[in-house]
Amino acid sequence: MFISISGKKKVRDVDIKKLIQKMTLEEKCYLLSGKDFWQTRSVERLGLPNVTLADGPHGVRKQEGASDQLGLNGSLPATCYPTAATIANSWDPKLGEEIGEHLGVEAASQDVCVLLGPGMNIKRSPLCGRNFEYFSEDPYLTGKMAAGYIRGIQSKGVGACPKHFAANSQELRRMASDSVMDERTLREIYLTGFEIAVKEAAPRSIMTSYNRINGVYANENEHLLQEILRDDWGFDGFAVSDWGASNDHTAGVAAGSHLEMPTTGGDSDEELIQAVRSGRISEALVDRRVEELLTAVLPLREAVDQVKGKEYDREAHHRMAQKAAEQSIVLLKNDHRILPLAKQTKVAVIGDFAKTPRYQGAGSSVVNPTKLDSTLDVIKDFPLELAGFAPGYHRTGPADPALEREAAELAKKADVVLLYIGLDEISESEGLDRSNMKLPESQIRLLQMVSDANPHVVAVLSGGSAIEMPWIGQCEAVIHGYLSGQAGAAAMLGAITGKVNPSGKLNETYPLTYEDVPSAPYFPSRERNAEYREGLYVGYRYYETVGKPVRFPFGYGLSYTTFTYSDLTVNEKEASFTLANTGERDGAEVTQLYVCAKCSGVYRPAKELKGFQKVFLKAGESKRVTIPLDDKAFRYFNGKTDRFEVEGGEYEILIGASCADIRLSATVTAAGTEAPLPRDASRLPSYQSGNILAVSDQEFQALLGHDIPDGYWSGELDINDAICQLYYAKRWIGRLVYKVLTGLLEKSMAKGKPDLNIMFIYNMPFRGIGKMAGGMCSQYMVEGMVKAVNGHFFKGLGQIISGFFRQRKVMKKANGMK
Ligand code: BGC
């Protein structure tokens, strides 16, 4: 294929196939792993340039000093936009696209050719530590939002990299766990979002996740990377491993992975060269991967070369971050229409978050913001009278009675209390799942004290994932900003004072208690396996099917105006209805289309989101809204035919303001694909009814179509066992390492600030030591370590020592590769 790339001097046309013919085996193999933590390799002799990849989903995290994938070391300043969970509440892919454009401009300006986002894993459990980085519990909303971001980023010549592909919905032992699920659940819930993103926005790259899927690592999963991604969806970008997610590099390249990151100092590269020499993998296949990689990467290099170093308007980008936050605010409760506050209302601002905002989560997505607004900084720009500020609680640790008393005294002096509360930093972090869905106890106590002093409490929430709200009765209003980025404070005050009419709707269900969550009995994984026994019944798919009451349903959110829905007409291609703004304010409504299958040959959740549209209407205005019924509307995945099929028959089309607030419905008949039905329904009673909280081994086995893989640790450790499993080590040295690490971790947790580094090591498999040490340790040395802890101490030690000298030579060669 011919492609134009920029060499050092001028843009020229290159025949990639011919270029590959000129490369040595070494050069080709070295191209398929990183040069360092963030860059790919170049081949200077042939004028092939390298590119830089950088996090992350809601802002650019380009590191120029020490590198890490946990957000521990500094990065260049960049605009911190609201996180994906926040923007998903806007239900507006166009807004995602606009943010994407801004991200693209900033990335290109910093010479970043691939931006590592958006994050699109499904919120299987509200406890997953990275939910703030993901869009939704629903794959359709996820896919549409992600497609928006990708289109935007790529419109600026930068490649997007949706992640983490796939089924990576827990942080605990994330690099060592196996997501065990049936194929239908995989396709319908965990892959559909990626499918939409790939088909509608053609990302230039995709990131393979750390975990295994049904026994095979994502990065070496041919079913995922070749059969589904390339052959079925037509993906023509490159697949990069998550940092350290490569297990067996050769198997990865064979399966469809193109780039192992970060560098292993030549270890993986040499492994691949030997694999070609020994015939384990053919050189032709390596050539193909190199061609696919270069075809995707070189145009990015060329585009970014045109604009790198170009300044962008930081103020304008800050304003974009504010606009994005404004359009994503969710109004959850508004008794007596206390909001918006009347002009010059005397407010007491209480809560530490008003001074030091919670605006993003922890880990690899951490952005070093260009500036950061706090409520106390910007409140003077709004028509409110400030009675005073009281912090009310400490960020972590127990309640402080003195702070509580001070807050209660202040509350008495105001008409209304703006109480800034939410999840603290420890609750939302890469590498660490939450242990419960509660707000910190100190904040709940404070709310009680403050509402006793003044009943007009408006709770202003921050936090990127669902929480329990047993305390909601003590608030007159609750307004949620999620994690709203560097300009979120003004966005929120805009909504509180009515300059902004809230139009966000929840991207996820807020259950009454954690025990109600469908994955709760199975999350996080027992030992090695994460068993996805709840199958399709994630989030509202479960609550709506079994009629379980929730605090706030998926798609819920109030407005300062009211909307009515009328005159639905439906055919097999689309649904149309009239939406009217019947209130006194201009506002936007997120209209939602759910499909309910009446034909019952295959089990299905009661409602599934298959379309949506955000519509802005002036007060008194009405509009005809049309939502297409696309190829996803009626389909289900059929394990017998191994493809999506449509069951012919009747479907109810439900139009609503949330999944539980259906305003209009009509029936449509869909033509089927006449495929044989997949399974014997009588063997899957829980899945037929949706009562999936106690799926027996026998039934899960029937769903999987094979035995449940044994996920228990035996005592013999291997390179893919997590380091925290040193608990099982046969040698005292292994158990000592376990004890020391556990002690350090517990100490940092007790301080309220988990040490992400220790956490990462704790959950990392042994092979990760080799993959993440920048070449200081090879896989051969790792195997030596595992031998040593398994009771063959001297044999293992010998291997570590000889491996060390061998790796020194490999690194020397790697450093010489240009
Ligand atoms: C994260 C990715 C991130 C990568 C590079 C990994 O730990 O899972 O999301 O892009 O590090 O920082």
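Four worked exercises on backbone geometry and empty space in this structure follow.

The model is predicted, so local features need pLDDT of at least 70 and side-chain atom pairs count only at pLDDT 80 or more, while totals for chains, interfaces and linings use all residues. Residues are numbered from 1 along each chain as its sequence is written, and side-chain values use heavy atoms, with hydrogens and water left out.

**Exercise 1. Cis peptide bonds**

Task: Find where the cis peptide bonds from Leu339 to Pro340 and from Phe523 to Pro524 are placed.

Solution:
- Fix the terms. Helices (H or I, at least four residues) and strands (E, at least two) are DSSP runs, numbered from the N terminus.
- Take the bond from Leu339 to Pro340. Its omega is near -5 degrees. Pro340 sits in the loop between strand E11 (330-334) and strand E12 (345-350).
- Take the bond from Phe523 to Pro524. Here omega is near -10 degrees. Pro524 belongs to the loop between strand E17 (510-511) and strand E18 (529-531).

**Exercise 2. Positive phi outside glycine**

Task: Place Trp91 and Asn214, and decide for each: buried, partly exposed or exposed?

Solution:
- Set the classes. Buried means under 20% relative accessible area, exposed over 50%, partly exposed in between (1.4 Å probe, protein chains only).
- Start with Trp91. Phi is near 50 degrees, a positive value in a residue other than glycine. The residue lies in the loop between helix H3 (84-88) and helix H4 (93-109). Trp91 has 1% relative accessibility, so it counts as buried.
- Move to Asn214. Phi is about 45 degrees, again positive although the residue is not a glycine. The loop between strand E8 (212-213) and strand E9 (216-217) holds Asn214. Its relative accessibility is 31%, so Asn214 counts as partly exposed.

**Exercise 3. Enclosed space**

Task: Count the cavities of 30 Å³ or more, then describe the linings of the largest and the second largest.

Solution:
- Define the search. On a 1 Å grid over the protein atoms alone, a cavity is a set of points where a 1.4 Å probe fits but cannot get out; a pocket is an open set with protein on both sides within 12 Å along at least five of seven lines; lining residues have an atom within 4 Å of a point. Grid points are joined across faces, edges and corners, and a volume is the space filled by probe spheres set on the points.
- Count. There are nine cavities of 30 Å³ or more.
- Describe the largest cavity, of about 180 Å³. It has 21 lining residues, and those closest to its centre are Pro357, Ser462, Ser484, Gly488 and Ala489. Strand E15 (457-462) and helix H15 (488-497) each supply at least two lining residues.
- Sort by class. Ala, Val, Leu, Ile, Met, Phe, Trp, Tyr, Cys and Pro count as nonpolar, Asp, Glu, Lys and Arg as charged, and the others, Gly among them, as polar. The largest cavity's lining has eleven nonpolar, eight polar and two charged residues.
- Describe the second largest cavity, of about 140 Å³. Its lining has 15 residues, with Glu188, Thr192, Arg541, Glu608 and Lys610 nearest the centre. H6 gives the most to this lining, four residues. The classes are six nonpolar, one polar and eight charged.

**Exercise 4. The largest pocket**

Task: Identify which helix gives the most to the lining of the largest pocket.

Solution:
- Note the volume, about 650 Å³.
- Locate the centre. Of 30 lining residues, Leu432, Asp433, Arg434, Ser435 and Met749 are the closest to it.
- List the helices. Helix H19 (732-750) and helix H20 (756-763) each supply at least two lining residues.
- Conclude. H19 gives the most, with five residues.
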